[in-house]
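Please look through the structure below before reading on. The text then goes from one surface to the next.

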2 protein chains.
Amino acid sequence: MENMNIKKLAKELNLSVSTVSKALHDSYEIKAETKEKVLALAKQLNYQPNPFASSLRRNSSKTIAVVIPEIAHNFFSLVINGIESIAEELKYHVLIYITHEIPEKEEQIIRHLLNGRVDGILISSSGTSNNNTHYHELVQKGIPFVFFDRANFEIDAPKVITDDYQAGFQATDHLIKRQCKHFAFLSLSNQMTVINHRKDGFLAALKQYQIEPSHVHIIEAGTDETLSFQIIRDFLQPLPESLGIFSSVEKLAIQTYHICKEINILIPNQLKIISFSNLPTAALLNPALSTLTQPAFSIGKEAALLLFQSIRNKGKIQPITTLPQIVLKSTLFIRESTKM
Amino acid sequence: MENMNIKKLAKELNLSVSTVSKALHDSYEIKAETKEKVLALAKQLNYQPNPFASSLRRNSSKTIAVVIPEIAHNFFSLVINGIESIAEELKYHVLIYITHEIPEKEEQIIRHLLNGRVDGILISSSGTSNNNTHYHELVQKGIPFVFFDRANFEIDAPKVITDDYQAGFQATDHLIKRQCKHFAFLSLSNQMTVINHRKDGFLAALKQYQIEPSHVHIIEAGTDETLSFQIIRDFLQPLPESLGIFSSVEKLAIQTYHICKEINILIPNQLKIISFSNLPTAALLNPALSTLTQPAFSIGKEAALLLFQSIRNKGKIQPITTLPQIVLKSTLFIRESTKM
DNA sequence: TTTAATTACGAAATCGTTTTCGTACTCTTC
DNA sequence: GAAGAGTACGAAAACGATTTCGTAATTAAA
């Protein structure tokens, strides 16, 4: 009596296994009276179908995977919230995989997922877009996947991104209007398209205002914490005159704050800074941080919706139109860190 | 040729399915030469075993579930990081379920997991300890689970917690020594044991210093955001003299900061505050927030280790000794928000 | 030389569902 | 009342792995 299964249910009911299965799935072949009996006993004996048997037979797992570079990061946590809100509604399960910003790790995870464990994948890429073969394998295997935020534009898959170029332009325009003379862009990696879009917006704004190229600084801080600390610290000593920093990610802005505190640089007097960020405490920082805030929850929601659409359409002929690419808007919050 | 499976592999190799399966599992029954051939072709044809067939037969899923109240919260994100670090090593998969602090939601999730989808569960309870039947059902079904942080002490399961009583005492002691006259404890719920342990520490310290009971305030702020805002705001108007606040969770401290900013209460002059928190920006707030910081990553790691130990021991006789309960220490960081 | 043990493999059952057929039986309809 | 349609169910074949047995062939022991 360890575990209830459909066979025991059938025996108990004096019905065949197939009849019970059909009854549980509300098949038209079974008459109402029988269905009721089956449902009643199933509930009474606390029957729950074995998910693996079901997945094996139906070739569908009711599970999706989320592959992200890191999780202890407000942006990604909020995205997961958005994803979960949809998955929960559709009774799907959510597997989480963390790449720790290591492209090989991402490849390994994606390759593993080729085995059919999930019906679809949501990816925020850690890749340097050098090696795309794992994405191609997904396409070839017919496993639906959707990129969010960190997309790979060489791959023909649905994407949910934000208006990074425009946001970068807007942030930089703001710094220019606040009378900065030198401008620095804090970059995570020059291999990531999101970051590069933000940088392109940054550069475009500076170009439009004809800023002296020698006053433009691109700081490749990288993903390693201690290293990026050192790189930023080195850049700030000596401190360029009227420096305006546009940080492409929250983490680097926080590091900059720490460094400024350490070596006594006053924000916003000596240095203005604005950053992409979903920090719930941005307004409470000393000084309050001006931010470009991505609609993280919506990104997760939209990405999940696209994925489930993709899963539903699986097998059916794809429309010839290009795959959907949803672009959401980030919001600019002007706070004290960029005060004149 | 859609998907590779063991049958096709066997045919290609002129071997039986069973031989191939054994070879892939490095069985002693198969000679080295055959194993090599099988492994070689498996790699060449990119064979990956179907996880559902395997799980169905072996009755094990190589998957664990993490059930948490919310994810957009530094503490839980860090815990997940810790959990993932162990799961990844053991090649386990991690399913995430979010209860949004709704006990019924938690029950529903746990009940669903009785179907064998996972080999074990890590739980940070959202329950009010009124209804424990779902935990009992886990025990009865023999599904291993471990509580972390928010444990239910009526249930005989392994737990990883922190020294909440002591930390609460320490935080309060600190406030007393900083010459506070009135003392407030911001609580999420009087049904949660973690919170109550912190409160007990708080009350014990006040008792030891013989603080006038009328100067002690327990604020039940609750989990609803707008409501808790209102409750805290109401409490702060009018502002008790020399108020020292001990916030049991980060979120309420942040709300308090926002309110103080809004109604112009100066921290730490008019109000001192210390909070349990894993905010990476605690030191950068205005003013820097004194915190009790839980070793979130370690909590996740230890809980995962206990769970896997439990999974390995499944079926074997349990030792008569009480189940393991690991207590980790929180760290006190004194910052400006409690300055004299 | 006979017996026992070991080696290396294969047939088939099994895990618990789902789904395709097949088939009694009843009910129309002309 | 014969043919066709519809109803309600059951037998059995999947799904793809794992595992239990059984057994030839070889080797070792007596």
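**The surface near DNA strand D**

H4(B) contributes 5 residues to the surface near DNA strand D, the most of any element. A residue is near a molecule or strand if one of its heavy atoms lies within 4 Å of it, and helices (H or I, at least four residues) and strands (E, at least two) are DSSP runs numbered from the N terminus. This is a predicted model, in which local features need pLDDT of at least 70 and side-chain atom pairs count only at pLDDT 80 or more, while totals for chains, interfaces and linings use all residues. Residues are numbered from 1 along each chain as its sequence is written, chains are lettered from A and ligands numbered from 1 in the order in which they are written, and side-chain values use heavy atoms, with hydrogens and water left out.

At least two residues of the surface near DNA strand D come from each of helix H2 (17-24) and helix H4 (51-58) of chain A, and from each of helix H2 (17-24) and helix H4 (51-58) of chain B. Around this strand there are 27 residues, of which A:Thr19, A:Lys22, A:Glu29, B:Ile6 and B:Arg57 come nearest. By class the surface has 9 nonpolar, 11 polar and 7 charged residues; Ala, Val, Leu, Ile, Met, Phe, Trp, Tyr, Cys and Pro count as nonpolar, Asp, Glu, Lys and Arg as charged, and the others, Gly among them, as polar.

Of the atoms of DNA strand D within 4 Å of the protein, 56% belong to sugar or phosphate, and the rest belong to bases. On the base side, an N or O atom in the side chain of A:Lys22 is 2.5 Å from a base oxygen of DNA strand D. On the phosphate side, the side chain of B:His25 has an N or O atom 2.8 Å from a phosphate oxygen of the strand, and the side chain of B:Tyr47 has one 2.9 Å from a phosphate oxygen.

**The surface near DNA strand C**

DNA strand C is surrounded by 27 residues, the closest being A:Ile6, A:Arg57, B:Thr19, B:Lys22 and B:Glu29. Sugar and phosphate make up 57% of the atoms of DNA strand C that come within 4 Å of the protein. A base oxygen of DNA strand C lies 2.5 Å from an N or O atom in the side chain of B:Lys22, and a base nitrogen of the strand lies 2.4 Å from a polar side-chain atom of B:Glu29. H2 and H4 of chain A, together with H2 and H4 of chain B, are the elements that give two or more residues to this surface. Its classes are 8 nonpolar, 12 polar and 7 charged residues.

**The two chains**

How are chains A and B related? A turn of 180° with a shift of 0.0 Å along the axis lays chain B on chain A with an RMSD of 0.1 Å, the copies being superposed by least squares on the C-alpha atoms of residues with pLDDT of at least 70 in both. This is the relation of a two-fold axis. The same surface serves both copies, as 100% of the contact residues of chain B recur in chain A; contact means heavy atoms within 4.5 Å.

**Inside the chains**

For chain A, the domain assignment gives domain 1 (6-49), domain 2 (58-162 + 297-328) and domain 3 (164-294 + 332-338). Domain bounds come from an automatic or database domain assignment. The contact between domain 2 and domain 3 of chain A takes 15 residues from each.

In chain B, B:Ala167 sits in helix H8 (residues 164-177). B:Ala167 counts as buried because its relative accessibility is 1%, where buried means under 20% relative accessible area, exposed over 50% and partly exposed in between (1.4 Å probe, protein chains only). Not counting residues up to four places away in sequence, B:Ala167 touches B:Phe276, B:Leu292 and B:Ser330.

Conventions:
Polar contact = N/O pair within 3.5 Å; in protein donor to acceptor, adjacent residues only side chain to side chain.
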